[in-house]
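This report describes selected features of a protein model, going from strands to aromatic rings and then to charged pairs. Please keep the sequence and the structure in view while reading.

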Amino acid sequence: MTLKHSRIQGNLYFYWRSYKDSSGQGGKVYTDVPCRTNKQGRYSDVAYLTPELEAKFGNEKVLPQSFPLSAEIVSPTDLAEDIIAKAQEYLESGGEEVWLVFPENKWVIVVTQELRLIFISGQVVNTQKVLNGFSIPVDELLS
């Protein structure tokens with residue numbers, strides 16, 4: 001983990017948490033949190049757990065499925081194939097939406113079962129299925 005990775009992770013945690021509180025959607029936001037996919041254990045950089053799943057699994061040590069909304073902050077040494085496979089693994093294990101954050105390129109790729117969207121510097125990235133209504137400028141998230 002680099003300073004930039006940690007800063008962006010903190011930004012995303014702060015913005016998702018602030019939004020879920022202000023919008024009244026509830027749930028919990030976590031960093032470096034374990035979940036169990038259909039293939040293995042994973043740790044999401046940032047993840048959001050809906051109120052329904054929090055009531056069901058909130059006291060577990062490891063979430064027995066993927067988080068509904070997960071974010072992975074991609075480092076320059078990560079292989080694209082591995083990151084894409086991880087996003088697909090989350091979606092196949094109960095996840096609904098995955099954000100792949102590319103700090104060096106200033107891209108955020110939002111992935112669901114139905115779509116893949118790329119947001120770049122100068123644009124506003126927004127959730128597609130989970131944490132309804134959340135949006136943030138890419139440049140602000142990556143600052």
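In strand β5, I109 is the bridge partner of L100. This is a predicted model, and the pair is a convenient place to start reading it.

**Strands around β4**

The pairing of L100 and I109 is part of a wider contact: β4 and strand β5 (residues 107-111) run antiparallel and are joined over 5 bridges. Between the two strands of this hairpin there are 4 residues, and K106 takes a positive phi near 60 degrees.

Strand β4 also pairs with β3. Strand β3 covers residues 69-73 and runs parallel to β4, with 5 bridges between them. One example is S70, whose bridge partner in β4 is V98. Helix α3 (residues 80-92) belongs to this part as well: β3, α3 and β4 make a right-handed β-α-β unit.

Is β4 mostly covered or mostly open? Strand β4 spans residues 97-102, and 5 of its 6 residues are buried, so by the cut-off of under 20% relative accessible area the strand is mostly covered. In a regular strand the side chains alternate between the two faces of the sheet.

**Aromatic rings**

A pair of aromatic rings is described by the distance of the centres and the angle of the planes. How many aromatic pairs are there? The count comes to 6 aromatic pairs. One of them is F14 with Y15: the ring centres are 5.3 Å apart and the planes stand at 70 degrees, so this pair is edge-to-face. Y15 has a relative accessibility of 22% and therefore counts as partly exposed. F102 and W107 form another edge-to-face pair, with 6.5 Å from centre to centre and 65 degrees between the planes. In addition, W16, Y19, W99 and F134 form one aromatic cluster.

W107 is partly exposed, at 33% relative accessibility. Together with I118 and I120, W107 makes a nonpolar surface patch of about 260 Å². I118 lies in strand β6 (residues 116-120) and is partly exposed, with a relative accessible area of 47%.

**Salt bridges**

Side chains of opposite charge can pair when their charged atoms come close. The structure holds 6 salt bridges. The table lists some of them.

| Basic residue | Acidic residue | Closest N and O atoms |
|---|---|---|
| K20 | D21 | 2.7 Å |
| R42 | E89 | 2.9 Å |
| K129 | E114 | 3.2 Å |

The pair of R42 and E89 links distant parts of the chain: R42 is in strand β2 (residues 41-49) and E89 is in helix α3, 47 residues apart. Both R42 and E89 are buried. Helix α3 is also the helix of the right-handed β-α-β unit.

Which parts of the chain does the pair of K129 and E114 tie together? K129 is in the loop between β7 (124-126) and β8 (135-137), while E114 is in the loop between β5 and β6, so the pair ties together parts that are 15 residues apart in sequence. K129 counts as partly exposed, with 35% relative accessibility, and E114 counts as exposed, with 57%.

In the pair of K20 and D21, K20 is buried, with a relative accessible area of 8%. D21 is partly exposed, with a relative accessible area of 45%.

Conventions. Residues numbered from 1 in each chain as written. Predicted model: local features only at pLDDT ≥ 70, side-chain atom pairs only at ≥ 80, totals over all residues. Heavy atoms only, no water. Patch = residues over 30% accessible without salt bridge, like charges linked within 9 Å, V, L, I, M, F, W, Y side chains within 5 Å. Areas by Shrake-Rupley, 256 points an atom, 1.4 Å probe, with all protein chains shown as cover. Salt bridge = Lys/Arg side-chain N within 4 Å of Asp/Glu carboxyl O. Buried < 20%, exposed > 50% of the residue type's maximum accessible area, 1.4 Å probe, protein only. Phe/Tyr/Trp six-rings, centres within 6.5 Å; stacked < 30°, edge-to-face > 60°. Pairing = 2+ DSSP bridges. Right-handed = clockwise from strand over helix to strand, strands pointing away.
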